[in-house]
Amino acid sequence: MKNIAVIGAGTMGNGIAHTFAQFGYKVNLIDISEESLDKGMKTISGNLDRMVSKEKISETDKEATLINITTFTDIPKGVKDIDLVVEAATENEDLKLKIFKQLDENCSAETILASNTSSISITKIASVVSNPERVIGMHFMNPVPIMKLVEIIRGYNTSDKVTKSVMELSENLKKVPVEANDYPGFVANRILMPMINEAIETFYNNVAGVKEIDTVMKLGMAHPMGPLQLADFIGLDVCHSILEVMYDGFKNPKYAPCPLLTNMVMAGKLGIKSGEGFYDYSESKKAEKVSSQFS
């Protein structure tokens, strides 16, 4: 596989495009918004500049990476003669099903169709595709160019051949692929999201403050960042969405989003992306200042 299409130029999409392009793959980055594409390419260029400054890559490597990426606002044009499509659109089931219907109509029968979904059923996504054995999950971690893990999720009909190809491809990106079966939340979020939700419940029940909870988990459990800071980093809306998918899938109350999380999402306090969540990011992205509503 040499020709890759990535759908969605947001945080995950531009990171996935960056990673493939850096390893010599030709990448078509697709988004319906020209503005999103421009923003995504600016992010990729900025991230490459940081890698150059840290002497992880050369200026020549940076230019080669950027040359490997072509942008499109049209799916049919962007997926022509493509070996693999990685969908990285918003975590919305209806949107993903719509995209995969388009992919089924416009890609060759040999094209592997992957989703970067962090919780939505690969089997459900594959149900709108005429040959579901070619549909698989490639759940990259954020930030994609740095994080080593790729969760490879097999849908009910995903073939051994497709799974083997995607595992090998991930290794070619210097990632560590880990295979998982298709159940709500897969492995990463099935374990992570209940922990984040419990941290929010702990704060909601006034057991300790925002910084205190994060400090306990960082110093006591050697986590690189506390769960409330991590929730802000992921996006509180994304956390809420994943918990709802798991709650709907398992019908177990332990996955129900904390009322505080629900209220914060409804109020538009989504974390770093909105400038405020459990922390205030108006002056710094380092979670140094607790949000005024909690301080």
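A residue counts as exposed when its relative accessible area is over 50%, and as buried when that area is under 20%. Take Lys-98 as a try-out: its relative accessibility is 55%, so Lys-98 counts as exposed. You'll find Lys-98 in helix α5, which covers residues 93-106. Keep in mind that what you're looking at is a predicted model.

Let's step back and take in the whole thing. The protein has twelve helices and ten strands. Its C-alpha atoms fill a box of roughly 55 × 45 × 30 Å along the principal axes. How does the radius of gyration fit with a compact globule? For 295 residues, a compact globule would come out near 19 Å, and the protein has 19 Å, so the two agree. Inside that box, buried residues make up 48% of the 295 residues. On the outside, the accessible surface comes to about 14400 Å², and 52% of it belongs to carbon and sulfur atoms.

Now think about how the chain meets itself. Look at contacts between residues at least 6 apart in sequence: 65% of these join residues at least 24 apart. Distance along the chain and distance in space are two separate things to check, though. Back to Lys-98 for a moment: Lys-98 and Val-265 are 167 residues apart in sequence, and their C-alpha atoms are 25 Å apart in space. Another pair to try is Glu-35 and Ile-191, which sit 156 residues apart along the chain, with 35 Å between their C-alpha atoms. Glu-35 belongs to helix α2, and at 64% relative accessibility Glu-35 counts as exposed.

Next up, charges. The protein carries 31 positive and 38 negative charges, and the mean positions of the two sets are 3 Å apart. Some of these charges pair up: the structure holds 13 salt bridges. One of them joins Asp-49 and Lys-62, with the closest N and O atoms 2.6 Å apart. Why does this pair tie together parts that are 13 residues apart in sequence? Because Asp-49 lies in helix α2 (residues 34-53) while Lys-62 lies in helix α3 (residues 59-67). The two partners have their own surroundings: Asp-49 is partly exposed, with a relative accessible area of 36%, whereas Lys-62 is buried, at 9%. And there's a third member here, since Asp-49, Glu-59 and Lys-62 are linked in a network of salt bridges.

Two further bridges are worth finding on your screen. Asp-160 and Arg-154 meet through their side chains, 2.8 Å from N to O. Is each of these two buried or exposed? Asp-160 is exposed, with a relative accessible area of 56%, but Arg-154 has 18% relative accessibility, so Arg-154 counts as buried. The other bridge runs between Lys-96 and Glu-91, where the closest N and O atoms are 3.7 Å apart. In this case both Lys-96 and Glu-91 are buried.

Time for a look at the backbone. Most residues other than glycine have a negative phi, and most peptide bonds are trans. So which spots should catch your eye? Start with Glu-55, which isn't a glycine and yet has a positive phi of about 60°. Glu-55 is found in the loop between α2 and α3, and at 71% relative accessibility Glu-55 counts as exposed. Ala-287 also has a positive phi, near 55°. Ala-287 lies in the loop between β9 (279-280) and β10, and with 9% relative accessibility Ala-287 counts as buried. Then there's the peptide bond between Asn-142 and Pro-143, which is cis, with omega at about 0°. Pro-143 sits in the loop between β6 (135-140) and β7 (149-154).

Let's finish with Ser-291, in the segment after β10 (289-290). Is Ser-291 buried or exposed? Ser-291 has 0% relative accessibility, so it counts as buried. What is Ser-291 in contact with, leaving aside its neighbours within four places in sequence? The residues in contact with Ser-291 are Glu-276, Gly-277, Phe-278, Tyr-279 and Asp-280.

Definitions and conventions
Residues are numbered from 1 along each chain as its sequence is written. This is a predicted model: local features need pLDDT of at least 70, side-chain atom pairs count only at pLDDT 80 or more; totals for chains, interfaces and linings use all residues. Side-chain values use heavy atoms; hydrogens and water are left out. A salt bridge is a side-chain nitrogen of Lys or Arg within 4 Å of a carboxyl oxygen of Asp or Glu. Helices (H or I, at least four residues) and strands (E, at least two) are DSSP runs, numbered from the N terminus. Buried means under 20% relative accessible area, exposed over 50%, partly exposed in between (1.4 Å probe, protein chains only). The radius of gyration is taken over C-alpha atoms; the globule rule is 2.2 Å times the number of residues to the power 0.38. Contact means heavy atoms within 4.5 Å. Accessible areas come from the Shrake-Rupley method with a 1.4 Å probe; for residues, only the protein chains shown count as cover. Lys and Arg count as positive and Asp and Glu as negative; His and the chain ends are not counted. The place of a charge is taken as NZ of Lys, CZ of Arg, CG of Asp or CD of Glu.
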